[in-house]
Amino acid sequence: MTPETEPELAARAALRLAELEARVGNRRDAVELVARASALGRDDPDVVARADRMQAHLASIRSKGSEVRGPPA
């Protein structure tokens, strides 16, 4: 494996994990993985296109509840 392909491979893996996280309802984790994939695969048009589609899909999913993080009030 060449150093040039490692980020693209990591980007594709992050997209796959994002798909799995979205499937089980972990929208926030999926969004973070898509952002990571976009950053890692910015030079690969296929990765960018898949990340854009996944981002649009995640934006259309209604969350199951509050996704607020932080200490309790």
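How much area does the protein expose, and what share of it do carbon and sulfur atoms supply? The exposed area comes to about 5,200 Å², of which carbon and sulfur atoms supply 55%, as computed by the Shrake-Rupley method with a 1.4 Å probe, where for residues only the protein chains shown count as cover.

The model is a predicted one, in which local features need pLDDT of at least 70 and side-chain atom pairs count only at pLDDT 80 or more, while totals for chains, interfaces and linings use all residues. Residues are numbered from 1 along each chain as its sequence is written, and side-chain values use heavy atoms, with hydrogens and water left out.

## Overall architecture

The protein has 3 helices and 0 strands, and from the N terminus on its elements run α-α-α; helices (H or I, at least four residues) and strands (E, at least two) are DSSP runs, numbered from the N terminus. Of the 73 residues, 21% count as buried, where buried means under 20% relative accessible area, exposed means over 50%, and partly exposed lies in between (1.4 Å probe, protein chains only). Among contacts, defined by heavy atoms within 4.5 Å, those with a separation of 6 or more come to 61% from residues 24 or more positions apart.

## Helices α1 and α3

The 19 residues of α1 should span 27 Å at 1.5 Å a residue, and its end C-alpha atoms are 27 Å apart, which agrees; the expected span is 1.5 Å times one less than the number of residues. The buried residues of α1 are A11, A14, L15, A18 and A22. They cover an arc of only 100 degrees around the axis, which puts them on the same side of α1, the arc being that of the directions from the helix axis to the C-beta atoms. The cover over these buried residues includes α2 and α3. Just after α1, G25 takes a positive phi of about 95 degrees.

Helix α3, residues 45–60, has 16 residues and reaches 23 Å from its first C-alpha to its last, close to the 22 Å expected at 1.5 Å a residue. Within α3, V47, A51, M54 and L58 are buried. Seen down the axis of α3, its buried residues fall within an arc of 65 degrees, so they line one face of the helix. An α-helix has 3.6 residues a turn, so residues three or four places apart point the same way. The buried residues of α3 pack against α1 (5–23) and α2 (27–40), whereas P45, D52, R53, A59 and S60, on the other side of α3, are exposed.

At the N-terminal end of α3, D44 acts as a cap, with a side-chain oxygen 3.0 Å from the backbone nitrogen of D46. Further along α3 sits Q55, which is partly exposed at a relative accessible area of 36%. Leaving aside neighbours within four places in sequence, Q55 is in contact with V31 and V34. Q55 and E32 are 23 residues apart in sequence and 10.0 Å apart in space, C-alpha to C-alpha.

## Salt bridges

Side chains of opposite charge can pair when their charged atoms come close. A salt bridge is taken as a side-chain nitrogen of Lys or Arg within 4 Å of a carboxyl oxygen of Asp or Glu, and by this rule the count comes to 5 salt bridges. The table gives some of them.

| Pair | N to O distance |
|---|---|
| D46 and R12 | 2.9 Å |
| E19 and R50 | 3.4 Å |
| E32 and R28 | 3.6 Å |

D46 lies in helix α3 and R12 in helix α1, so their salt bridge ties together parts that are 34 residues apart in sequence. D46 is partly exposed, with a relative accessible area of 36%, and R12 also counts as partly exposed, at 31% relative accessibility. A network of salt bridges links R12, D44 and D46.

The salt bridge between the side chains of E19 and R50 has an N to O distance of 3.4 Å. This pair links distant parts of the chain, with E19 in helix α1 and R50 in helix α3, 31 residues apart. E19 counts as partly exposed at 26% relative accessibility, and R50 is partly exposed with a relative accessible area of 22%.

E32 and R28, by contrast, both lie in helix α2, 4 residues apart, about one turn of the helix. E32 is partly exposed at a relative accessible area of 39%, and R28 is partly exposed at 33%.

Terms used:
A polar contact is a pair of N or O atoms within 3.5 Å; within protein, one must be able to donate a hydrogen and the other to accept it, and residues adjacent in sequence count only if both atoms are side-chain atoms.
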